[in-house]
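Student: I am new to this structure and would like to go through it with you. Could we start with a single residue and widen the view from there?

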Amino acid sequence: MGYVYAGLWAVLAIYLFVMANRVSKILYLVGGLFSFMAIWWLVNELVSINLFEGVYGIIFRVAVGVILIALLIIYLIMKKRNNQE
């Protein structure tokens with residue numbers, strides 16, 4: 001089942017990278033997040049240890065959390081800038 005998630009995240013990342021030029025540059029960061037998640041899920045399936053438990057799970061959650069907080073800040077800045085114009 002992990003291969004399905006890895007494929008799903010990879011397809012979404014590619015789609016967001018393609019759409020980033022047309023819609024918004026913030027999609028590059030979202031696509032990067034999905035690429036990171038796709039790679040993490042794929043590596044989790046290929047190695048014998050579980051990358052979602054213990055220290056590796058903490059690393060994954062912190063990395064995703066930092067990216068999501070950065071996305072939220074960028075979104076709020078963009079929204080504020082658009083309201084002022």
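**From one residue to the whole chain**

Tutor: Let us begin with S24, which counts as buried because its relative accessibility is 16%, under the 20% cut-off for that class. Please keep in mind that the model is predicted.

Student: Where is S24 found?

Tutor: S24 is found in the loop between α1, which covers 2–20, and α2.

Student: And which residues is S24 in contact with, leaving aside its neighbours within four places in sequence?

Tutor: With those neighbours left aside, S24 is in contact with M19 and M78.

Student: Now the wider view. How many helices and strands does the protein chain have?

Tutor: The protein chain has 3 helices and 0 strands. Read along the sequence, the pattern is α-α-α. The chain is more spread out than a compact globule, because its radius of gyration is 15 Å, well over the 12 Å that the globule rule gives for 85 residues.

Student: What box do the C-alpha atoms fill?

Tutor: Taken along the principal axes, the C-alpha atoms of the protein chain fill a box of roughly 55 × 25 × 15 Å.

Student: What share of the residues is buried?

Tutor: Buried residues account for 28% of the 85 residues in the protein chain. As for the surface, the protein chain exposes about 6000 Å², and carbon and sulfur atoms supply 72% of that area.

Student: What about contacts between residues at least 6 apart in sequence: what share joins residues at least 24 apart?

Tutor: Among those contacts in the protein chain, 48% join residues at least 24 apart.

Student: Let us turn to the inside. Which residues of the largest nonpolar core touch the most other members?

Tutor: This core has 19 residues, and those touching the most other members are W9, L33, F34, M37, W41 and F60. Each of α1, α2 and α3 supplies at least two residues of the core. The largest share, 9 residues, comes from α2. As general background, nonpolar side chains tend to be buried together in soluble globular proteins.

Student: Take M37 from that group. What does M37 touch, not counting residues up to four places away in sequence?

Tutor: With those residues not counted, M37 touches W9 and F60.

Student: And the outside? Which residues form a nonpolar patch on the surface?

Tutor: The patch is formed by Y3, I39, L42, V43, L46, V47, I49, V55, Y56 and I59, and together these residues have about 910 Å² of accessible area. Both α2, at 26–46, and α3, at 54–84, supply at least two residues of the patch.

Student: Which helix gives the most to the patch?

Tutor: Helix α2 gives the most, with 4 residues. One patch member, L42, is found in helix α2. L42 counts as partly exposed because its relative accessibility is 36%.

Student: And I59: where is its place, and why does it count as partly exposed?

Tutor: The place of I59 is in helix α3. I59 counts as partly exposed because its relative accessibility is 41%, and that class lies between under 20% for buried and over 50% for exposed. In sequence, I59 and Y28 are 31 residues apart, and their C-alpha atoms are separated by 22 Å.

Student: Back to α2 for a moment. What can be said about S35?

Tutor: S35 lies in helix α2 and counts as partly exposed, with 21% relative accessibility. Leaving aside neighbours within four places in sequence, S35 is in contact with A13 and F17. From C-alpha to C-alpha, S35 and V11 are 8.9 Å apart in space, with their places 24 residues apart in sequence.

Student: And α1? Which residues might we look at there?

Tutor: Two examples are Y5 and A10, both found in helix α1. Y5 is partly exposed at 37% relative accessibility, and A10 is partly exposed with a relative accessible area of 29%.

Student: How far apart in space are Y5 and I58?

Tutor: C-alpha to C-alpha, Y5 and I58 are 19 Å apart in space, and they are 53 residues apart in sequence. For A10 and I73, the values are 25 Å in space and 63 residues in sequence.

Conventions
Residues are numbered from 1 along each chain as its sequence is written. This is a predicted model: local features need pLDDT of at least 70, side-chain atom pairs count only at pLDDT 80 or more; totals for chains, interfaces and linings use all residues. Side-chain values use heavy atoms; hydrogens and water are left out. Patches are made of residues with over 30% relative accessible area and no salt bridge: like charges are joined within 9 Å, nonpolar side chains (Val, Leu, Ile, Met, Phe, Trp, Tyr) within 5 Å. Accessible areas come from the Shrake-Rupley method with a 1.4 Å probe; for residues, only the protein chains shown count as cover. A salt bridge is a side-chain nitrogen of Lys or Arg within 4 Å of a carboxyl oxygen of Asp or Glu. Buried means under 20% relative accessible area, exposed over 50%, partly exposed in between (1.4 Å probe, protein chains only). The radius of gyration is taken over C-alpha atoms; the globule rule is 2.2 Å times the number of residues to the power 0.38. Contact means heavy atoms within 4.5 Å. A nonpolar core is a set of buried Ala, Val, Leu, Ile, Met, Phe, Trp, Tyr and Cys residues joined through side-chain atoms within 4.5 Å.
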